[in-house]
Protein chains: 2
Amino acid sequence: MNTLAEENYLKAILNISFNTNKKVSTNEISNVLKTSPASVTDMLKKLLEKKLVEYEKYKGVELSNSGKQYAINILRKHRLWETFLVEHLGFNWSEVHEIAEELEHIKSTKLIDKLDAFLGYPKFDPHGEPIPNKEGVIPNVKSTSLDQMEVGFAGHVLGVTIDDKLFLDYLTKLNIKIGTKIEIIQKIDFDKSLIVRIENIQNHISFDVAKNILIKNN
Amino acid sequence: MNTLAEENYLKAILNISFNTNKKVSTNEISNVLKTSPASVTDMLKKLLEKKLVEYEKYKGVELSNSGKQYAINILRKHRLWETFLVEHLGFNWSEVHEIAEELEHIKSTKLIDKLDAFLGYPKFDPHGEPIPNKEGVIPNVKSTSLDQMEVGFAGHVLGVTIDDKLFLDYLTKLNIKIGTKIEIIQKIDFDKSLIVRIENIQNHISFDVAKNILIKNN
DNA sequence: AAATAAATTTAGTTATGTCTAAAAATTTTT
DNA sequence: AAAAATTTTTAGACATAACTAAATTTATTT
């Protein structure tokens with residue numbers, strides 16, 4: 001069995017990999033986990049020992065097969081708990097991340113499988129993120145971030161790519177949630193910001209915001 | 001905020017106090033937590049420092065007011081989670097203790113209050129144990145253990161006092177659950193065991209078993 | 001009330017996971 | 001291709017929470 005700290009490192013490596021597809025650097029991990037690079041090196045040695053990662057000094061790290069399965073299982077637990085919190089306990093989507101950060105470390109497999117059944121085997125969490133199944137397979141939906149769509153495009157929000165309270169509260173204020181129809185009215189070349197129509201109201205959103213909103217891709 | 005280890009010590013002290021009403025000894029704690037007495041001494045010093053216990057060298061320990069509130073809150077979380085696991089996820093009463101031992105350490109107060117509401121503010125958990133409310137008040141039901149009842153007594157099971165898989169599985173085999181009617185047919189003086197009737201079937205149960213079954217007391 | 005036994009504490013170690021400062025390797029710039 | 005900058009690792013410390021062995025205190029016998 002792995003410790004809390006080990007689990008958090010595996011999770012961090014998986015998350016960084018999703019964005020970069022390259023080997024993960026010591027510094028990236030230390031930024032995500034807010035620890036010193038020296039601590040990261042220490043932990044990578046330990047994870048290598050346990051064969052949860054492939055790691056060579058100065059060359060970066062990636063998850064081994066078993067490490068990846070382990071990390072995906074944590075992600076599965078995180079997203080199932082978030083779904084429970086929103087759909088059954090009445091939390092809103094910006095509140096659940098922190099609590100799920102704790103719940104994702106509960107070990108019982110039977111618990112998580114029963115929770116999955118209780119929730120009706122959901123494929124997506126309250127942020128539209130895919131929930132890995134028991135076998136670690138992540139449902140694949142082709143999606144594009146809003147910033148890549150052209151002026152004139154109109155479509156529905158599929159999900160978001162970050163689970164940050166400030167971001168999600170801002171979206172809520174803009175009346176954006178999963179399924180919301182968004183139309184691109186204009187794109188500002190200078191700062192890549194967008195003027196969009198949501199529920200018949202025009203709003204000006206930054207590139208950073210658009211980048212983290214996912215739209216269905218046919 | 002207190003660590004996992006600290007929480008487990010507070011919990012252990014509370015549990016022992018329920019049975020003894022005296023100051024709790026180092027040895028008792030080390031037995032419950034399966035640590036060495038020396039480790040217990042170390043931790044008691046730390047808890048004293050934090051004013052969670054009243055402790056004098058060689059004289060035993062008891063919870064301070066704040067320590068007691070803290071420990072009761074852990075108990076509240078434990079019992080609410082057990083209720084959720086049995087009533088909504090379909091676990092049986094002998095499986096939930098271990099999982100609740102992990103869930104009870106999840107910190108969010110908002111989570112536990114919402115869970116409480118979701119469950120309909122239950123007063124008793126699946127073992128018949130009272131669930132402390134948000135204010136730390138524990139519902140008080142007068143109950144007597146089965147071993148203290150006389151021959152000829154007939155009544156209903158209110159709950160059990162231990163949360164042990166072997167014990168609960170045995171009760172299930174005997175067809176004993178909460179609400180089950182039990183009649184005392186005979187008491188064996190030699191070993192204090194009892195012959196009882198449950199659902200029209202006679203069974204011979206030991207003193208140790210009877211001691212841990214609670215009966216309503218008028 | 002001594003002597004013995006039992007319980008508890010102290011002292012000294014260990015493993016985990018963190019840190020800072022310094023050294024080494026890699027990458028980027030000139 | 002050297003020099004400079006950045007990244008990463010090593011070395012040495014520290015806090016937590018555990019341990020064993022030895023010392024001390026308290027409780028029980030005789």
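**Salt bridges and symmetry in a predicted two-chain model**

Trainee: With which residue does Lys11(A) form a salt bridge?

Mentor: A salt bridge is a side-chain nitrogen of Lys or Arg within 4 Å of a carboxyl oxygen of Asp or Glu. For Lys11(A), the closest N and O atoms of the pair are 2.9 Å apart, and the partner is Glu101(A). This is a predicted model, in which local features need pLDDT of at least 70 and side-chain atom pairs count only at pLDDT 80 or more, while totals for chains, interfaces and linings use all residues. Side-chain values use heavy atoms, without hydrogens and water.

Trainee: How many residues apart in sequence are the parts that Lys11(A) and Glu101(A) tie together?

Mentor: Helices here are DSSP runs (H or I, at least four residues), and strands are E runs of at least two, numbered from the N terminus. Lys11(A) lies in helix H1 (residues 4-20) of chain A and Glu101(A) in helix H5 (residues 96-103) of chain A, so the parts tied together are 90 residues apart.

Trainee: Is Lys11(A) buried or exposed?

Mentor: Buried means under 20% relative accessible area, exposed over 50%, and partly exposed in between (1.4 Å probe, protein chains only). The relative accessible area of Lys11(A) is 10%, so Lys11(A) is buried.

Trainee: What relation do chain B and chain A have?

Mentor: Superposition is by least squares on the C-alpha atoms of residues with pLDDT of at least 70 in both copies. A turn of 180° with a shift of 0.0 Å along the axis lays chain B on chain A with an RMSD of 0.1 Å. That is the relation of a two-fold axis.

How values were computed
Residues are numbered from 1 along each chain as its sequence is written. Chains are lettered from A and ligands numbered from 1 in the order in which they are written.
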